[in-house]
Amino acid sequence: MQIARSALVLRPIEQVYKIIEHAEDYPEFLPLCTRVEILERRADFVNAHLSFGYAGLAAKVYTEVNKTPPTGLDVRIGTWPFERFRGIWTLAPMSGEACRVEFAVDWHFGDPIWDKVLGVAAGWIADRMVEAFLVRARDQT
């Protein structure tokens, strides 16, 4: 399944990039995210365990993120319940105080229960996630 969302954010690109990259803050504002454990962080790479829950289902996934600050993050998950997951964040400066943010994700669940439950709600979940990042950016001063 593939979904893409974009938005204009009235914050500097560096600020928005930091919010997206700083996964340890996700449980504070990101729907469905319950816990994050950073395993390794470098200037160009981060990997972590992220825990999610939805409709009585729970999963802990291992993420690998290649970073190109401040314009992009390439997120891959290769653990259950995903058979395949790739998310790409692309940021482009619009002015000193604004940027365009695009999020594209392509995934397939290896578990038919997750596929049925989240396949129906995928668009809603993507919208809530992007909105959560926008609200977080707006509230950061």
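The following exercises, each with a worked solution, concern the predicted model shown above.

**Exercise 1. Overall architecture**

Determine how many helices and strands the protein has, in what pattern they follow one another along the sequence, and how the radius of gyration relates to the globule rule.

Solution. Begin with the inventory, which comes to three helices and seven strands. Next, place these elements in the order of the sequence, which gives the pattern β-α-α-β-β-β-β-β-β-α. The radius of gyration of the protein is 15 Å, close to the 14 Å that the globule rule gives for 141 residues, so the protein is as compact as a globular protein of that length. The dimensions can then be added: along its principal axes the C-alpha trace spans about 45 × 30 × 25 Å. Finally, consider burial and contacts, where buried residues account for 40% of the 141 residues, and where, among contacts between residues at least 6 apart in sequence, 46% join residues at least 24 apart.

**Exercise 2. The surroundings of β5**

Work out which strands pair with β5, in what sense, and through what kind of connection.

Solution. Start on the N-terminal side, where β4 (57–68) and β5 (72–77) run antiparallel and are joined by six bridges. Within this pairing, Lys67 stands opposite Leu73 in β5, and the connection from β4 to β5 is a hairpin through three residues. Then turn to the other partner, strand β6 (residues 82–95), with which β5 pairs in the antiparallel sense over six bridges. Here Val75 stands opposite Gly87 in β6, and the hairpin that joins β5 to β6 passes through four residues. As a last step, examine the burial of the strand itself: β5 is mostly covered, with five of its six residues buried.

**Exercise 3. Two backbone features in loops**

Locate the cis peptide bond and the non-glycine residue with a positive phi, and state where each lies.

Solution. The cis peptide bond joins Pro69 and Pro70, with an omega of about -10°. Pro70 belongs to the loop between β4 and β5, and the connection between these two strands is the three-residue hairpin of the previous exercise. The residue with the positive phi is Leu32, for which the angle is about 80° although Leu32 is not a glycine. Leu32 lies in the loop between α2 (26–29) and β2 (33–41). Its relative accessible area is 24%, and because the partly exposed class runs from 20% to 50%, Leu32 counts as partly exposed.

**Exercise 4. Two residues within strands**

Decide whether Thr63 and Trp89 are buried or exposed, and list the residues with which each is in contact beyond its neighbours within four places in sequence.

Solution. Take Thr63 to begin with, which sits in strand β4. Thr63 has a relative accessible area of 5%, and because this falls under 20%, Thr63 is buried. With neighbours within four places in sequence left aside, Thr63 is in contact with Val46, Asn47, Ala48, Leu50, Arg76 and Ile77.

Trp89 is found in strand β6, and because its relative accessible area of 6% is likewise under 20%, Trp89 is buried. With the same neighbours set aside, Trp89 is in contact with Ile20, Thr71, Gly72, Leu73, Val75, Val101, Glu102, Phe103 and Phe133. A separate distance can be noted for Trp89 and Tyr26, which are 63 residues apart in sequence and 15 Å apart in space, C-alpha to C-alpha.

**Exercise 5. The cavities**

Establish how many cavities of 30 Å³ or more there are, and describe the lining of each.

Solution. The count comes to two cavities of 30 Å³ or more. The largest contains about 660 Å³ of space and is lined by 36 residues, of which Phe52, Ile77, Phe82, Phe85 and Met129 lie nearest its centre. At least two lining residues come from each of α1 (13–21), β3 (45–54), β4, β5, β6, β7 (98–109) and α3 (112–139). By class, this lining divides into 32 nonpolar, three polar and one charged residue.

The second largest cavity holds about 100 Å³ of space. Of the 15 residues that line the second largest cavity, Trp89, Val101, Val130, Phe133 and Leu134 are the closest to its centre. Here β1 (2–9), α1, β7 and α3 each supply at least two lining residues, and the lining of the second largest cavity comprises twelve nonpolar, one polar and two charged residues.

Note on methods: Residues are numbered from 1 along each chain as its sequence is written. This is a predicted model: local features need pLDDT of at least 70, side-chain atom pairs count only at pLDDT 80 or more; totals for chains, interfaces and linings use all residues. Side-chain values use heavy atoms; hydrogens and water are left out. Buried means under 20% relative accessible area, exposed over 50%, partly exposed in between (1.4 Å probe, protein chains only). Two strands pair if DSSP finds at least two bridges between them. On a 1 Å grid over the protein atoms alone, a cavity is a set of points where a 1.4 Å probe fits but cannot get out, and a pocket is an open set with protein on both sides within 12 Å along at least five of seven lines; lining residues have an atom within 4 Å of a point. Grid points are joined across faces, edges and corners, and a volume is the space filled by probe spheres set on the points. Ala, Val, Leu, Ile, Met, Phe, Trp, Tyr, Cys and Pro count as nonpolar, Asp, Glu, Lys and Arg as charged, and the others, Gly among them, as polar. The radius of gyration is taken over C-alpha atoms; the globule rule is 2.2 Å times the number of residues to the power 0.38. Contact means heavy atoms within 4.5 Å.
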